[in-house]
Amino acid sequence: MLAAGVHDGLNAEALAIFLVLIETGARPSEICNLPPERIHLKANVPYITVDFQEDRVIKTESSVRDIPLIGVALAVMHRFPNGFPRYRDREDTLSATLMKHLRAKKLLPTEAHRVYSTRHSFEKRMLEAGLDYEFRKSILGHSIDREKYGDGGSMDWRLEQLKTIELPFDKSIVPAPARGPQQADRAGS
């Protein structure tokens with residue numbers, strides 16, 4: 001999934017979102033609708049915030065979280081610091097675009113696999129790396145069946161945990177954003 005040329009023909013924003021999904025375990029709707037003010041690239045530990053927004057419904061209270069950016073997700077977010085306007089409020093269109101691409105390129109291991117499978121794969125990588133059960137649940141936005149204490153660990157600690165499952169990638173797969181009028185306006189602000 002992270003090799004050079006494997007995603008040729010896919011539009012830049014769809015590819016960018018897909019790559020972020022692989023290294024964050026986020027839901028597609030969470031990345032499609034990520035506004036610029038929830039992308040924290042200048043923090044000591046770059047991260048994204050998934051939380052309530054005035055115009056968006058979030059799945060559950062436990063879905064509110066900060067996710068450190070690693071690997072290809074960090075590289076992508078540096079190229080797309082304003083998020084993904086093409087797919088804002090259009091996660092069904094994203095899913096259809098990605099599924100068509102993944103099928104055409106024969107990148108789905110089985111017929112049962114979907115775009116959402118990146119989330120399951122992310123969790124499996126954390127499990128196999130021996131990451132703490134509660135950490136895995138919190139980073140995925142799943143509820144923890146007990147009283148919540150603290151903030152889930154410092155961003156430095158969370159980053160250290162996720163670095164253990166970081167995937168190598170060919171830097172050439174990181175797409176450049178289209179330079180249409182909407183992107184040019186946002187890049188200057």
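Biologist: Arg-136 is buried or exposed, and which side chain of opposite charge is nearest?

Modeller: This is a predicted model. In it, Arg-136 is buried yet has no salt bridge. The nearest side chain of opposite charge is Glu-123, 4.6 Å away. A salt bridge needs a side-chain nitrogen within 4 Å of a carboxyl oxygen, so Arg-136 and Glu-123 do not form one.

Biologist: Which backbone oxygen lies 2.8 Å from a polar atom of the Arg-136 side chain?

Modeller: That of Leu-131. A polar contact is a pair of N or O atoms within 3.5 Å.

Biologist: Where in the chain does Arg-136 lie?

Modeller: In helix α6, residues 133-140.

Biologist: How many helices and strands does the protein chain have?

Modeller: Eight helices and three strands. Read from the N terminus, the order is α-α-β-β-β-α-α-α-α-α-α.

Biologist: How many residues are in the protein chain, and what share counts as buried?

Modeller: The protein chain has 189 residues, and 45% of them count as buried.

Biologist: Now the pockets. What volume does the second largest pocket have?

Modeller: About 240 Å³. The second largest pocket is lined by 15 residues. Closest to its centre are Met-1, Phe-18, Ser-117, Thr-118 and Ser-121.

Biologist: Which elements give two or more residues to that lining?

Modeller: Helices α1 (12-24) and α5 (117-128). Helix α5 gives the most, with four residues.

Biologist: What kinds of residues make up the lining of the second largest pocket?

Modeller: Nine are nonpolar, four polar and two charged.

Notes:
Residues are numbered from 1 along each chain as its sequence is written. This is a predicted model: local features need pLDDT of at least 70, side-chain atom pairs count only at pLDDT 80 or more; totals for chains, interfaces and linings use all residues. Side-chain values use heavy atoms; hydrogens and water are left out. On a 1 Å grid over the protein atoms alone, a cavity is a set of points where a 1.4 Å probe fits but cannot get out, and a pocket is an open set with protein on both sides within 12 Å along at least five of seven lines; lining residues have an atom within 4 Å of a point. Grid points are joined across faces, edges and corners, and a volume is the space filled by probe spheres set on the points. Ala, Val, Leu, Ile, Met, Phe, Trp, Tyr, Cys and Pro count as nonpolar, Asp, Glu, Lys and Arg as charged, and the others, Gly among them, as polar. Buried means under 20% relative accessible area, exposed over 50%, partly exposed in between (1.4 Å probe, protein chains only). Lys and Arg count as positive and Asp and Glu as negative; His and the chain ends are not counted. A polar contact is a pair of N or O atoms within 3.5 Å; within protein, one must be able to donate a hydrogen and the other to accept it, and residues adjacent in sequence count only if both atoms are side-chain atoms.
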